[in-house]
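This report describes a protein model, moving from one residue to a helix and then to the overall fold. Please consult the sequence and structure shown below while reading.

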Amino acid sequence: MMDTYTYQIGENLYINLTNRCSNACTFCVRNEKASYYGNYLWLKDGEPSAQTVIGEIGDPKRYKEVVFCGFGEPTYRLDAMLEIAAYVKAHGGTTRLNTNGQGSLIAGRDIVPLLVGKIDRVNVSLNNATKARYEEVCKPKFADGYEAMLRFGQDCLKAGLDAWFSVVDVIGAEEVEACRRLAKELGVPLRVREMITDS
Ligand code: SF4
């Protein structure tokens with residue numbers, strides 16, 4: 001079977017650029033060995049080139065959003081992501097990045113300025129309200145992964161991107177409330193998502 005580089009859910013097209021990630025979340029969809037909405041997102045034949053993905057996208061105006069997501073952290077493919085996003089924007093589409101917020105640590109430099117004009121919307125996974133909980137649940141390989149993630153959400157907003165933190169409702173009402181308070185303190189909107197249990 002061919003690897004899945006792009007897949008449609010609802011009106012959106014999702015781009016699966018990499019299986020690499022700087023976290024190892026206990027709830028990660030990567031732990032679902034089989035499928036994700038019927039899509040097999042493990043890249044057996046390696047990561048796709050920007051041109052391959054652009055070829056699959058075609059006319060981006062057919063989709064509500066083109067979303068960099070998948071079984072891994074898209075910012076590991078920063079150059080490819082920016083090239084694809086530039087194509088989507090140049091052809092009248094809308095882009096979103098779903099990220100763990102550690103892209104600047106991964107790249108070793110501040111990547112937020114590079115996103116401006118290419119990425120419209122940024123969903124940063126906050127996951128938990130404290131560093132201790134984040135480290136327990138997301139197991140970041142960077143010691144300052146948590147702080148970098150918080151800063152990334154703020155920096156994206158400051159740069160004029162439509163950014164927000166997201167949490168999944170399974171963390172429980174109390175933790176959601178704590179996340180709400182933290183997000184408010186940091187001046188970043190918070191969105192609460194439902195748990196995805198497809199396999
Ligand atoms: S940040 Fe996302 S891709 Fe990475 S381990 Fe966590 S849930 Fe999986």
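Is threonine 18 buried or exposed? Threonine 18 is buried, its relative accessible area being 1%; here buried means under 20% relative accessible area, exposed over 50%, and partly exposed in between (1.4 Å probe, protein chains only). The model is predicted, so local features need pLDDT of at least 70 and side-chain atom pairs count only at pLDDT 80 or more, while totals for chains, interfaces and linings use all residues. Residues are numbered from 1 along each chain as its sequence is written, and side-chain values use heavy atoms, with hydrogens and water left out.

**Surroundings of threonine 18**

Threonine 18 lies in the loop that joins strand E2 (12–16) to helix H1 (50–57); helices (H or I, at least four residues) and strands (E, at least two) are DSSP runs, numbered from the N terminus. Leaving aside residues up to four places away in sequence, threonine 18 touches Leu43, Glu47, Phe71, Gly72, Glu73, Pro74, Tyr76 and Arg77, a contact being heavy atoms within 4.5 Å. The table gives three distances that involve threonine 18.

| Partner | Atoms compared with threonine 18 | Distance |
|---|---|---|
| Glutamate 47 | side chain to side chain, polar contact | 2.4 Å |
| Arginine 20 | backbone nitrogen to a polar side-chain atom of threonine 18 | 3.0 Å |
| Proline 140 | C-alpha to C-alpha | 17 Å |

A polar contact is a pair of N or O atoms within 3.5 Å; within protein, one must be able to donate a hydrogen and the other to accept it, and residues adjacent in sequence count only if both atoms are side-chain atoms.

**Helix H7**

Helix H7 covers residues 173–186, and its end C-alpha atoms are 20 Å apart, in agreement with the 20 Å expected for 14 residues at 1.5 Å a residue; the expected span is 1.5 Å times one less than the number of residues. Buried in H7 are Glu175, Val176, Cys179, Leu182 and Ala183. They lie on the same side of H7, because they cover an arc of only 120° around the axis, taken from the directions from the helix axis to the C-beta atoms. On the other side, Ala173, Glu174, Arg181, Lys184 and Glu185 are exposed. The buried residues pack against helices H5 (131–138) and H6 (145–158) and strands E6 (162–168) and E7 (190–193). Glycine 187, with a positive phi near 75°, follows H7.

**Overall fold**

The protein contains 7 helices and 7 strands. Of its 199 residues, 50% count as buried.
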